[in-house]
Amino acid sequence: VQLQASGGGLVQAGGSLRLSCAASGRTFSYVMGWFRQAPGKEREFVADISRSGGRTLYADSVKGRFTISRDKAKNTVYLQMNSLKSEDTAVYFCAASRNFGGSTISEYGYWGQGTLVTVSS
C-alpha cells in the first residue's frame with residue numbers, strides 16, 4: 001500500500017481546506033486514518049474511517065469541524081476541514097490500518113508523506 005497526501009496550504013482562521021490521500025494497492029481492505037503533528041509536538045490521531053466508509057471516529061479536538069470520507073472508485077480518502085483554528089496548524093499524514101478505531105501510531109502499518117497545513121490567525 002502506498003499513500004500520497006496532498007491539499008495542504010495556508011489558510012486564514014475560520015477557513016476551510018480539503019486534504020486528499022491517494023492510495024495504491026489493496027486499500028479497500030484497510031481502515032484509513034489521518035494524523036497530524038504540530039511543531040514540537042507528538043503525532044496525534046485526527047480521524048479514521050472504516051473499510052465500508054460507514055463508520056467514522058474523530059478526535060475531540062476536531063469533532064464537528066472535520067469530516068473524513070473515502071471514495072472507493074478513486075481509491076482516495078479525504079479530510080474536509082472547516083472552521084480552522086490556529087491550533088490546527090500541523091503536518092497532516094494519512095495512514096492505513098487493519099483495525100477500525102485505532103488512535104495510536106503503532107496501529108497503522110502504512111503511512112504517506114505529510115502535507116503541511118498552516119492556519120493564520
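Here is a walk through this predicted model, from a sheet to the core and on to the aromatic rings.

Let us begin with an open sheet of four strands, whose order is β1-β3-β8-β7 and whose pairing is antiparallel. β1 (2–6) and β7 (66–71) stand at the edges with a single partner strand each, so one side of each has no neighbour in the sheet. From one strand to the next, the twist averages 15°. As a reminder, strands of a sheet pair through backbone hydrogen bonds, and they may do so in a parallel or an antiparallel way.

Now look at the pairing of β3 (residues 17–24) with β8 (residues 76–81): these strands run antiparallel and are joined by six bridges. One place to see this is R18, whose bridge partner in β8 is Q80.

Strand β8 also holds Y78, a good residue to pause on. Its relative accessible area is 11%, so Y78 is buried, the cut-off being under 20%. Beyond its neighbours within four places in sequence, Y78 is in contact with R18, L19 and S20, with W34, and with T67, I68, S69 and D71. Y78 also shows how the fold brings distant positions together: Y78 and G7 are 71 residues apart in sequence, yet their C-alpha atoms are 9.5 Å apart in space.

From G7 we can step over to T115, which is in strand β11 (residues 115–120). T115 is buried, at 9% relative accessibility. Leaving aside neighbours within four places in sequence, the contacts of T115 include A5, S6, G7 and G8, as well as L19; A90, V91 and Y92 are in contact with T115 too. A polar atom of the T115 side chain lies 3.0 Å from the backbone nitrogen of G8.

What about the interior? In soluble globular proteins, nonpolar side chains tend to be buried together. Here the largest nonpolar core has 33 residues, and the members that touch the most others are W34, L79, M81 and Y92. At least two residues of this core come from each of β1, β3, β4 (31–37), β5 (44–49), β7, β8, β9 (90–97) and β11. β9 gives the largest share, five residues. M81 makes a useful viewpoint: apart from neighbours within four places in sequence, M81 is in contact with G15, S16, L17, L19, R65, F66, Y92 and V117.

Finally, turn to the aromatic rings, of which the structure holds six pairs. In one of them, the ring centres of Y30 and Y110 are 5.5 Å apart and the planes are at 85°, so this pair is edge-to-face. Y30 sits in the loop between β3 and β4, whereas Y110 belongs to strand β10 (residues 108–111), 80 residues away. The two partners differ in exposure: Y30 is buried at 7% relative accessibility, while Y110 is partly exposed at 33%.

F35 and Y108 form another pair, with ring centres 5.0 Å apart and planes at 80°, so they too meet edge-to-face. Because F35 lies in strand β4 and Y108 in strand β10, this pair ties together parts that are 73 residues apart in sequence. Here both rings belong to buried residues, with F35 at a relative accessible area of 1% and Y108 at 4% relative accessibility. The picture widens from there, as ring pairs link F35, F45, F93, Y108 and W111 into a cluster.

How values were computed: Residues are numbered from 1 along each chain as its sequence is written. This is a predicted model: local features need pLDDT of at least 70, side-chain atom pairs count only at pLDDT 80 or more; totals for chains, interfaces and linings use all residues. Side-chain values use heavy atoms; hydrogens and water are left out. Two strands pair if DSSP finds at least two bridges between them. Axes are lines fitted to C-alpha atoms, for helices over the stretch in contact, and angles run from 0 to 180 degrees between N-to-C directions. Buried means under 20% relative accessible area, exposed over 50%, partly exposed in between (1.4 Å probe, protein chains only). Contact means heavy atoms within 4.5 Å. A polar contact is a pair of N or O atoms within 3.5 Å; within protein, one must be able to donate a hydrogen and the other to accept it, and residues adjacent in sequence count only if both atoms are side-chain atoms. A nonpolar core is a set of buried Ala, Val, Leu, Ile, Met, Phe, Trp, Tyr and Cys residues joined through side-chain atoms within 4.5 Å. Rings of Phe, Tyr and Trp (its six-membered ring) pair if their centres lie within 6.5 Å; planes under 30 degrees apart count as stacked, over 60 as edge-to-face and the rest as tilted.
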